[in-house]
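I opened this model to look up its fold, its cores and its enclosed spaces, and I kept these entries as I went along.

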Amino acid sequence: MKFRNISILAAMSLALAATPALADDHPEDFAQYGVSLGGSPFGGSASFVYNVNKKTSYLFTFGGAAGGSLDLEIGGNDYTVKSSSAWTGVFLNHRPIDSAEWFRLVAGLGIGSIENELEGESGKVFQADYNENPVGYSGLGFGFDTSKGFQWGVDIGLLFTSGSEVRQVAGDVDVAATEDIADFFLFGNVLPNFQLTLGWGF
């Protein structure tokens, strides 16, 4: 199944990369290509950018995080959450307003995994993992147009998943705590995303 998902994503990437530019009269400062680095709650990322024209761009991205730590209170219990992720995806950026190229509509498809270990009181340990693929993304972007040179952008959006698989892996069995974690918004079907991106157009 994972091989099938990777094959689908690879085929999409090749098809999008082969899309011809819709106009040959690009302005002199138009960047056909770009590279970028970003940071979000799901880790760092690197992207190759293909600008079809001033309105439409495709991003071919991979990213992840080796590990991070966060303290949370869920259902009256305190947890130390350790997270890691690895993912890749293809994203479409569309700029619908001619006079505001800094405004973007963003949609994409990704495959990968997000793993969360929650260590609680009395040696209780839980896992809340996302391994179902593919997942969808949609959001809004600000900045990062198609000009040559230095670029920056901010994105906000939502990651749509099938939800996390929550299970207890150590300690006395606590069904209520498992249910509380599964119901917590950071481990739900829809995950919020905020990203800052820096790049270069050429």
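**Entry 1: the chain as a whole**

I began with burial, and buried residues (under 20% relative accessible area, with exposed over 50% and partly exposed in between, by a 1.4 Å probe on protein chains only) make up 43% of the 202 residues in the protein chain. I keep in mind that this is a predicted model, in which local features need pLDDT of at least 70 and side-chain atom pairs count only at pLDDT 80 or more, while totals for chains, interfaces and linings use all residues. Residues are numbered from 1 along each chain as its sequence is written, and side-chain values use heavy atoms, with hydrogens and water left out.

I then listed the secondary structure, taking helices (H or I, at least four residues) and strands (E, at least two) as DSSP runs numbered from the N terminus, and I found two helices and 10 strands. Read from the N terminus, the order is α-β-β-β-β-β-β-β-β-β-α-β. For contacts (heavy atoms within 4.5 Å) between residues at least 6 apart in sequence, 64% join residues at least 24 apart.

**Entry 2: the cores**

I looked next at nonpolar cores, each being a set of buried Ala, Val, Leu, Ile, Met, Phe, Trp, Tyr and Cys residues joined through side-chain atoms within 4.5 Å. The largest has 24 residues, and I74, Y79, L118, L159, I181 and F187 have the most contacts inside it. At least two residues of this core come from each of β3, β4, β5, β6, β7 (135-143) and α2 (175-183). A second, separate core has five residues, among them Y50, Y58, F60 and V90. Returning to I181, and leaving aside neighbours within four places in sequence, I noted contacts with I74, Y79, L118, F126, A128, V166 and F187.

**Entry 3: single residues**

I asked myself whether R104, in strand β5, is buried or exposed. R104 counts as buried because its relative accessible area is 3%. Its side chain makes a polar contact (a pair of N or O atoms within 3.5 Å; within protein, one must be able to donate a hydrogen and the other to accept it, and residues adjacent in sequence count only if both atoms are side-chain atoms) with the side chain of D155, at 3.1 Å. Beyond four places in sequence, R104 touches residues including N93, H94, G139, F142, G153 and D155.

Q127 sits in strand β6 (residues 125-130) and is buried, since its relative accessible area is 14%. The Q127 side chain reaches the backbone oxygen of N116 at 3.4 Å, and a polar contact of 3.0 Å joins the side chains of Q127 and D129.

G75, by contrast, lies in the loop between β3 and β4 and counts as exposed because its relative accessibility is 55%. The C-alpha atoms of G75 and A176 are 8.7 Å apart, although 101 residues separate the two along the chain.

**Entry 4: enclosed and open space**

Rolling a probe the size of a water molecule over the atoms shows where empty space is left. On a 1 Å grid over the protein atoms alone, a cavity is a set of points where a 1.4 Å probe fits but cannot get out, a pocket is an open set with protein on both sides within 12 Å along at least five of seven lines, and lining residues have an atom within 4 Å of a point. Grid points are joined across faces, edges and corners, and a volume is the space filled by probe spheres set on the points.

The structure holds two cavities of 30 Å³ or more, and the largest has about 590 Å³ of space. Of its 37 lining residues, W87, F91, Y137, N193 and Q195 are the closest to the centre. I wanted to know which element gives the most to this lining, and β5 does, with seven residues. By class (Ala, Val, Leu, Ile, Met, Phe, Trp, Tyr, Cys and Pro nonpolar; Asp, Glu, Lys and Arg charged; the others, Gly among them, polar), the lining divides into 14 nonpolar, 18 polar and five charged.

The second largest cavity has a volume of about 40 Å³, and its lining includes A31, Y33, V49, D145 and W200.

The largest pocket holds about 410 Å³ of space, and of the 20 residues that line it, P41, F42, L70, S83 and N116 are the closest to its centre. β3 gives the most to the lining of the largest pocket, with six residues, and the classes there are 12 nonpolar, eight polar and no charged residues.
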